[in-house]
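This report describes a two-chain model in running text, with one table of salt bridges. The sequence and coordinates come before the description.

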Amino acid sequence: MTNHSSANSDSNGTNIHNQDLGWYFLELARLGASRATHLEDTEEQLPSELNTINSSGGFQLVSTDKLSVKYTSVNRHGHDVGVVQANNPAPVKRLVYYFEIFVKDAGAKGQIAIGFTIGTFKMRRQPGWEANSCGYHGDDGMLYCGQGKGETFGPTYTANDIVGAGINYASQEFFFTKNGAVVGAVYKDVKGPLFPTIAVHSPNEEVQVNFGQKPFAFDVKDFEKQERMKQQATIEKISLPPNVSYGIVRSYLLFYGYEDTLNSFDVASKTTVPPVYMAQENGFNEQDIVYALNQRKTLRKLIKSGEIDSALGKLHDWYPQIVQDDKSATCFLLHCQKFIELVRVGALEEAVKYGRIELAKFFGLTGFEDLVQDCVALLAYEQPQESSVGYLLEESQREVVADTVNAMILSTNPNLKDSHACLQSCLERLLRQLTACCLERRSLNGDQGEAFHLHRELDISKN
Amino acid sequence: MSLFWIVIRQLAEIEAMATSKKVITKEEWEKKLNDVKIMKEDMNKLVMNFLVTEGYVDAAEKFRMESGTEHIDLATITDRMAVKKAVQCGNVEDAIEKVNDLNPEILDTNPQLFFHLQQQRLIELIRNGKVEEALEFAQEELAPRGEENQSFLEELERTVSLLAFEDVSNCPVGELLDISQRLKTASEVNAAILTSQSHEKDPKLPSLLKMLIWAQNQLDEKAAYPHINDLSTATLEDPAI
């Protein structure tokens, strides 16, 4: 990221340092704009119906709704199986994928199969009879995993049975169910996109498939829950150093300047938890943090209540070096927020005036223009909060500005060892590491399995 | 980059090749870290969750004011404490009312708990010498429950037998009048409320910290990358050789 040195005529190290720090928050300031999308994993196409295009021949008939298949011919050998795959491969970015079939008619010989196959599967063979496929066969209850010879697996199945096949990405297994109960599982060593596959082979066999459009006979949600709990149980066994959570929470409160909370917290913990001595915290020592604490708290309060002018005033009094350069990211964010506050109360004329004086100079400046354009766009709407730039009117926006000012004040500490320590609290660094590790692991695992999303973790706990 | 670091990097790569692990440098890793989006709101929720579940009720209230983070369950902690206290003081009717205000399903789905609360009510009536009221209460409210359940019936009979003795402090069922009986019932109610709010029982933060340790161990099998070894400082350390 280029350093905007246009206004840095006094090239003392601290000023350039501060400039870099402020820029960090510029990106955060626009986070609200894309919030809706940044959480979701890129949507995978789900199997929703049977694929009629890569059909194998005239011995099967797929219904018009593409959810059932019937063997209409007479089977003569092992290479005229009526195999059908789903239109899309099983999605991988989740814990479990599952689908079911209902055997409407077992026909002459009940040679029905359910399983998974790769895209290039020979569409005349039962799933499991060829490499890179797996199938649970109804006539003999055996499991075929890429060889002509099957292994004993479970019960046979016939008309009126509901049979399911799934992939458990956590344990890397294929699993099968019959009438709502798990029959068994087998290690999945087939790689690559896997298509849900069903097959019929003797005259009049008919099978209906359910890709989730209707409720399943097997409780997949509960199965997933059990899997998650298994993983959770392993994790819970890990031991933590004593009081580490307490220390992290305390350092969070200190870092962001939540003075009142911190005091209440300290008072309460004197009676419960032994106080943890936080000497070397984020490169500061206790004395310095306590000193800046009250001012940071005051500024946060002012910004969170939208009193930007007061905040600017206090900054001029206490930390003039932060607001000295009017083209710094910090000043920019404060001016934007002032503009937003004027729009919020409907003082549009004043907002326009303010914008002309304070914001106009940022148009066309890399890094600033996106946000300034969004701010100005607020003026175009009667109901700006409903618009695409409505995110600017949310509390979270004030929060970003408050956090920026907080970081800038922390950075003025002469005893500061590492300026980047002002940007992220200990808790944030831990959460980033957790997310990055999970994502990297999943990526190295062929992108299979669930990723870690703090937001989702917190939501689940609220249910 | 000094020669020292070049050598370190090469050693790491050799080690990784020997075990076919992907090597991720500190710069690459920091980029991945920066790409992660963590919302301040979520961190605030996490901290609030810690304050509330660990019982720092005042701090939680201050945090709500200072950060604007809502916590719907703040009231329920105070409520739960109120229920517990009511039972401990013998105000069982009050406690039952409060529990139902909190969540009517708790007593509906917990017949044993409900019976024990009613039993406690009976004990209090007997303790206060309200013999007629006690008998009426026993016959109307507790006897029907006793019919449904053998162990309830036995408990009911034990409790009613208190009335048969002049000197209750020395009788075989005297322990029912003891404060410990109240505390037992209070504990039962407390646990039931906590279970009904099962997400509140333990704070999320320690689980996430454990998950971090676990995730790093898991990733170790496939890659060499910077770790965080000290949770309280969260400093990134170079890939171990």
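Glu395(A) is partly exposed, with a relative accessible area of 42%; this class lies between buried (under 20% relative accessible area) and exposed (over 50%), computed with a 1.4 Å probe on protein chains only. Its salt-bridge partner is Arg398(A), at 3.1 Å from N to O, where a salt bridge requires a side-chain nitrogen of Lys or Arg within 4 Å of a carboxyl oxygen of Asp or Glu. Arg398(A) is buried, at 10%. The two residues are three apart in helix α12 of chain A and are therefore separated by about one helical turn. Helices (H or I, at least four residues) and strands (E, at least two) are DSSP runs numbered from the N terminus.

The model is predicted: local features need pLDDT of at least 70 and side-chain atom pairs pLDDT 80 or more, while totals for chains, interfaces and linings use all residues. Residues are numbered from 1 along each chain as its sequence is written, chains are lettered from A and ligands numbered from 1 in the order in which they are written, and side-chain values use heavy atoms, without hydrogens and water.

**Salt bridges**

Over all chains, the search finds 37 salt bridges. Four of them are listed here.

| Pair | Closest N and O atoms |
|---|---|
| Lys40(B) and Glu399(A) | 2.4 Å |
| Arg398(A) and Glu395(A) | 3.1 Å |
| Lys31(B) and Asp35(B) | 3.1 Å |
| Glu206(A) and Lys70(A) | 3.8 Å |

Glu206(A) lies in strand β13 (residues 205–210) and Lys70(A) in strand β2 (residues 68–71) of chain A, so this pair ties together parts that are 136 residues apart in sequence. Glu206(A) is buried at 15%, and Lys70(A) is partly exposed at 29%. Lys31(B) and Asp35(B) are four residues apart in helix α2 (residues 26–35) of chain B, about one helical turn. Asp35(B) is partly exposed, at 46%. Salt bridges with shared partners join Arg300(A), Lys304(A), Glu341(A), Arg344(A), Glu395(A), Arg398(A), Glu399(A), Asp403(A) and Lys40(B) into one network.

**Interface**

In chain A, 63 residues are in contact (heavy atoms within 4.5 Å) with 55 residues of chain B. About 5,800 Å² is buried between the two chains, 70% of it from carbon and sulfur atoms; this is the accessible area (1.4 Å probe) that the two parts lose on being put together, summed over both. Five salt bridges cross the interface. On the side of chain A that touches chain B, the elements giving two or more residues include α3 (220–236), α12 (395–411) and α13 (426–444). The largest contribution to that side comes from α13(A), with 16 residues.

**Chain A**

Chain A has 14 helices and 13 strands, and buried residues make up 53% of its 463 residues. In helix α7 (residues 308–318), the buried residues are Ile308(A), Ala311(A), Leu312(A) and Leu315(A). Seen down the axis of α7(A), they fall within an arc of 100°, taken from the directions from the helix axis to the C-beta atoms, so they line one face of the helix.

Two non-glycine residues with positive phi sit in loops. Asn160(A), with phi of about 70°, is in the loop between β8 (151–152) and β9 (162–168) and is exposed at 55%. Gln172(A), with phi of about 55°, is in the loop between β9 and β10 (173–178) and is buried at 13%.
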